[in-house]
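Hi,

Here is the structure for you to look over. My notes on the metal site, one helix and the cavities follow below it.

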Amino acid sequence: MAHLLIRGGTVVTAAASHQADVLVRDGSVAAVGADLGALAADAAVEVVDATGLLVLPGAVDVHTHTRVATEAEPDRFFQDSVAAAYGGTTTFLAFNNPGTGSSPAAERSLLAGLKEWRAATERDSAIDYAVSLAISGRMDDPVGELAKIVDEGVATAKAFMVFDFRLDDRRLFDAMRMLGSRGGMLQVHCEDPVLIDTAVADALARGNTAPRFHASSRSTEAEAVATHRAVAFARAADVPVHLVHLSSRAALEQVRAAKASGVRAHAETCPHYLALTAARYETPDVETAARYVISPPLRSAGDQDAMWSGLADGSLDLVATDHVPDRLSVEKAEASRGVPFDRISNGAPGIETLLSIVYAEGVGKGRLTVERMVDLLATSPARLFGLERKGAIEVGRDADIVLFDPAARRTLTAGSLHHTSDYTPYEGFSITGAVRSVFVRGRPVIRNGAYVGTRGDGRFVGRTTAGDSG
Ligand code: MN
Ligand code: MN
């Protein structure tokens, strides 16, 4: 394999930025330093000019609902992995999507679902990837199988406190404890089912069926009380827990209190909570509003400010996308015909816009330093999700590297993106910064803004630990 010398860029780590060259040998970072120029004379070394560019570790997106290939749509998984690469993501974690009716096997058994998912994604990704299994309350014995999935390289799983495939409290607690005792970590979707189911039923009974009632029936209090309970379970079990897609100040306060009292509570937020607000629902056009039917829903400007503060002060550990490749023309099509909000497919695409949004809205607007951004998008997600070779430009780690032009300006449109959805929640966003080139284990996947990778070059990454071990 060719060696690379990335010259003249600004290498960014979670701790500092410095002008340095990066030597890549056999897919790993071999050296980082200001004095590597002499190596450029070596014929076996390809020199990549990074003058004026940031040299970032590739983003690690730990929350996606990419769909596997089917006979009807053979490119779904691959194409979303290409989209991720275009956006500067070099590793993603996918869920196997129980609850969506996508796989009967995944509804019955974690191990059967894992086997099926591994087979369906084998040699199909453009970038490295891993899986986290969603635990459905419809499974016969989801907790009993958890020990075995850690041995299969799946150290995390996601459980829901809401929806008809939620886990009851007993199983939620047992799942958290079982995974934690094996060195893994449960990811929890925190929304209180009683408060939400009641509010949804009340709204529908009153004839309030438009998408904005999706938002008003999922209160920040319902998120906060569920977050509080998940934290209490983690404290009692003395295990780490990961709180997915935090959206509100009220829930963030629960995370702050948990961390202050020594609970190993880790939390993420998502770009849509950072860049959009509930004002998006205030349109008479139900198809437009349906684009933002996401759970938890978009929140107030005050909640958005709280999310940025949480990222800056360490209360939030990372940003992940919660990417759902729904299409207005397919999964959300019924919405344009005015079906009640509770029947609109939940989710929005985001796999390609993670770095773009966090850089432009965060670093570009002075809310985050570029070093903190690298921590939130790469270093912390890799550490907390057991991806020990990922997440930093450091000797010995995988050479997953993004060359990013901080001076570029562009406008996000669905037409300029590559994901398998047919819209972007960020349509028309005018942003700073652009991904120029992306390397995964030293292999070029994006060069000067064009995909140059090979389908199947992305490797499955097994993970045997997750969460802070302490
Ligand atoms: Mn969720
Ligand atoms: Mn999700």
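The manganese ion (ligand 1) sits 3.5 Å from the manganese ion (ligand 2). Keep in mind that this is a predicted model. Three protein atoms serve as donors to ligand 1: Lys-158 (NZ), His-189 (ND1) and His-245 (NE2), at 2.3 to 2.4 Å. Their spacing in sequence is K-x30-H-x55-H. Lys-158 belongs to strand S9 (residues 156-160), and His-245 to the loop between strand S11 (241-243) and helix H9 (249-260), so the pair ties together parts that are 87 residues apart in sequence. Lys-158 and His-245 are both buried.

Next, helix H1 (residues 76-86). Of its 11 residues, 10 are buried. Among them are Phe-77, Phe-78, Asp-80 and Tyr-86. The cover over the buried residues includes helix H3 (110-121), strand S8 (128-135) and strand S15 (430-440). Gly-88, just after H1, has a positive phi of about 95°.

Now the cavities. The whole structure holds 2 of 30 Å³ or more. The largest has a volume of about 60 Å³. Its lining includes Gly-88, Leu-355, Met-373 and Val-402. Strand S5 (54-57) and helix H15 (370-384) each give two or more residues to that lining. H15 supplies the largest share, 4 residues. By class, the lining has 9 nonpolar, 2 polar and no charged residues.

The second largest cavity has a volume of about 50 Å³. Its lining has 4 nonpolar, 3 polar and 4 charged residues. Asp-128, Arg-441, Arg-443 and Asp-457 are among the lining residues. Domain 1 (3-55 + 396-451) and domain 2 (58-384) each contribute at least three residues to this lining.

Best wishes

Terms used: Residues numbered from 1 in each chain as written. Chains lettered and ligands numbered in written order. Predicted model: local features only at pLDDT ≥ 70, side-chain atom pairs only at ≥ 80, totals over all residues. Heavy atoms only, no water. Buried < 20%, exposed > 50% of the residue type's maximum accessible area, 1.4 Å probe, protein only. Contact = heavy atoms within 4.5 Å. Donors = N, O, S within 2.8 Å, 3.2 Å for Na, K, Ca; no water. 1 Å grid on protein atoms, 1.4 Å probe; cavity = no way out; pocket = protein on both sides within 12 Å on 5 of 7 lines; lining within 4 Å. Points joined across faces, edges and corners; volume = space filled by probe spheres on them. Nonpolar A, V, L, I, M, F, W, Y, C, P; charged D, E, K, R; others polar. Domains from an automatic or database assignment.
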